[in-house]
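Reader: Hey, got a minute to walk me through this one? I'd like to start with the overall contacts and then poke at some details.

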Amino acid sequence: MSDDLDDLKAMMRAATPKPDADRKAADLALARKNFADLQDARDGARQTFDRPGKGLIRGVTDMLMRMNTRGALTATTALVALGMVVVVPDWQDAPALRGAQPVVTEADGDMADAVRREAPAQEAAEEMVLDVAPAEPAPEAEAPRPVPMPSPQVARPESGVAKQRQMAPQAMQSQALSDAEGYAGSAANTTPVGGIAQPDADDGVVLPESDTEAFPEAAPNALKITGEEPVSTFSIDVDTASYGVVRSSLRAGYLPPREAVRIEEMVNYFPYDYAAPEGDAPFEPTVSVTDTPWNPDTKLVHIAIQGEVPPVADRPPLNLVFLIDTSGSMQAANKLPLLKQSLALMLPQLTERDSVAIVTYAGSAGKALAPTPATERETILGALDRLEAGGSTAGQAGLQQAYALAGEMGAEGEVSRVILATDGDFNVGISDPEALTDYIAQERESGTYLSVMGFGRGNLDDATMQALAQNGNGQAAYIDTLSEAQKVMVDQVSGALYPIADDVKIQVEFNPAAVVEYRLIGYETRALRREDFNNDRVDAGDIGAGHQVTALYEITPVGSPAQMSDALRYGEAEAVSGEADELGYFKLRYKAPGEDESRLIEQAIVEGSGAGSEARFAAAIAGFGQLLRGETYLGDWGYADAIALANGAKGEDPFGYRAEAVQLMRLAESLSR
């Protein structure tokens, strides 16, 4: 006894014709040909299945959506009943389907006829085409436009060019993700993942904004002939912004612009084990002489200054005005959001005697927080959290209001400081660095210090930031990670906030009888005239509590084969004064905070005062900076030599800063090939 299902099976077996192998092979060949003709390119790369208008699932869905209800029900019922076999090409050997119609084999021929008879003739012709005819090849799809990306072998910008156009790190991240997925991703709409902005999968091609980064123009220090110009004068520099910019560039996969590399800021980025000051002076200078790593026939004069660290109880009350850029250019995750986190790290370092206020600027300036005791952290953090980016950058109005507020907060014996946090994009009000310099020079007479913290890349105006910091009796730092914020705002907060000496100048006179040539490594933007050294009205750099300053001269001893200049045919030998065993004479001037008259420190530079591992590591960083700038004084000395020297002089390195520098050297070596 059989049921209805058995009867149906028997009917289907009787109605099914015997297979014809030759016709089946011909139909299969025709089906594959029709399938290939419907694709973008026969030999093209396989597209992802979820691309709009493509993919197997999308193609079948489109086919079913074009059917009417009656035709769809009839077709799907027949498919289930007969176990219809659909020929599908190998997924790996052909591009994804693009709305192709199903291909029916000979074994299903009778069922196809039944479907046609059941459906109206017009519906069968318009809605459901079972016999696939050869189709014209679809036009080849236009390849997506790739996001521009700097080559690892970036050509160095021409010397003296301030504007540099480099790709922002966010765009570099987007490009890396796009390459992995086979198409250009978006850099506009992102979703934070682990603190890094990632492009959404469905975003279209969005090109990064053109970068307008600007760096100070300064020609590298020239080699000086001692007999013609024996005196070198410069202002000290404790800024570290350049090292942060170099690190940001290398981690993004390209060499930094030449003008972004300021060697003195790279050298001064690291803490050194220098001798603590003794006596009444707020710091102790130490001058030593060592062999030059890149030239055995020259020597390095290493000048080290260590500032004192007064006890916390002896520090004066501090009035801080956070001047925060909330313009539209600050929207990126490594700008305003990182800025908020950085300032939040600083708050626990302040005491009940300190006060905090917040001024913002974007289109117009505004007071976001009135002067508030630093211990009211919830109030301060709440004001920070409410800040949002938008509008143009009214830098002038913000500076004016911040200085006015700092003046109201200050009192006798207290320290007032404006901390400007920005990407440096000033486009409303005073935007010219020279005009900003004049304005800040006038305001610093009030006794209020100005420090600058830079955030983000792409439109970083480093030239403006340097002009502000150097003329505002403050320091400049670049913060690209939360770890860097910890270093600047927590570990070195004393040096960043509490000054111990103003207008610090260094002057070195070299002895022509012992030194034929010399050059100062770095400090190009800090050069002073010889007569400026004794002029107390000339502004110079400032040193904060615990700050360290390092300066390096490369000198050529008399009689050395390294001498690069020829003796003058008609020149006369100059009289030489001083002791014969002195290489030179070191002098330093500084003012105590609040004083108008400078004080003098001086000592002789003599041969034989060797240098330890600290001087060797400083020399390794100086060599690294010269390699990045493409200097011509290094001969065959290269990145491998800098790495070996730095590794041999790392010392204890408790914070890992020196180990990080070695890794950056390795990156630069790879990118320079």
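Reader: So how much of the contact count comes from residues 24 or more positions apart?

Author: Taking contacts with a separation of 6 or more in the protein chain, 79% of them join residues 24 or more positions apart. Keep in mind this is a predicted model.

Reader: OK. How many helices and strands am I looking at?

Author: The chain has 19 helices and 20 strands. Buried residues make up 49% of its 673 residues.

Reader: And the surface, what do carbon and sulfur atoms supply?

Author: They supply 51% of the roughly 31,900 Å² that the chain exposes.

Reader: Let's go inside. Which residues touch the most other members in the largest nonpolar core?

Author: Leu497 and Tyr553, in a core of 68 residues. Strand E15 (residues 499-510) gives this core its largest share, 6 residues. There's another core apart from it, with 41 residues, including Trp294 and Leu645.

Reader: Back to Tyr553, what is it in contact with?

Author: Leaving aside neighbours within four places in sequence, the contacts of Tyr553 include Phe234, Ile303, Val508, Phe510 and Leu520.

Reader: Switching to sheets. What's the strand order in the open one with 5 strands?

Author: E5-E16-E18-E8-E7, with antiparallel pairing. E5 (224-225) and E7 (283-292) are at the edges with a single partner strand each, so one side of each has no neighbour in the sheet.

Reader: How many bridges join E7 to E8?

Author: 10 bridges, and the two strands run antiparallel. Val287 stands opposite Ile303 of E8.

Reader: Which helix lies across E8, E16 and E18?

Author: That's H17 (residues 613-629), and it runs at about 75° to E18.

Reader: New topic: H8. Does its length add up, or what should it span?

Author: At 1.5 Å a residue, the 12 residues of H8 (241-252) should span 16 Å, and the end C-alpha atoms sit 17 Å apart, which agrees.

Reader: Is H8 mostly covered or mostly open?

Author: Mostly covered, with 11 of its 12 residues buried. Among them are Tyr243, Val246, Arg247 and Leu250. Gly253 follows the helix, with a positive phi near 100°.

Reader: Last one, Ser342. Buried or exposed, and why?

Author: Buried, because its relative accessibility is 0% and the cut-off for buried is under 20%. Ser342 is in helix H10 (residues 336-346).

Reader: What does Ser342 touch?

Author: Not counting residues up to four places away in sequence, Ser342 touches Phe455, Ile479, Ala485 and Met489.

Technical notes: Residues numbered from 1 in each chain as written. Predicted model: local features only at pLDDT ≥ 70, side-chain atom pairs only at ≥ 80, totals over all residues. Heavy atoms only, no water. Helix = DSSP H or I, 4+ residues; strand = E, 2+ residues; numbered from the N terminus. Expected span 1.5 Å × (residues − 1). Buried < 20%, exposed > 50% of the residue type's maximum accessible area, 1.4 Å probe, protein only. Contact = heavy atoms within 4.5 Å. Areas by Shrake-Rupley, 256 points an atom, 1.4 Å probe, with all protein chains shown as cover. Core = buried A, V, L, I, M, F, W, Y, C linked by side-chain atoms within 4.5 Å. Pairing = 2+ DSSP bridges. Axes fitted to C-alpha atoms, helices over the stretch in contact; angles between N-to-C directions.
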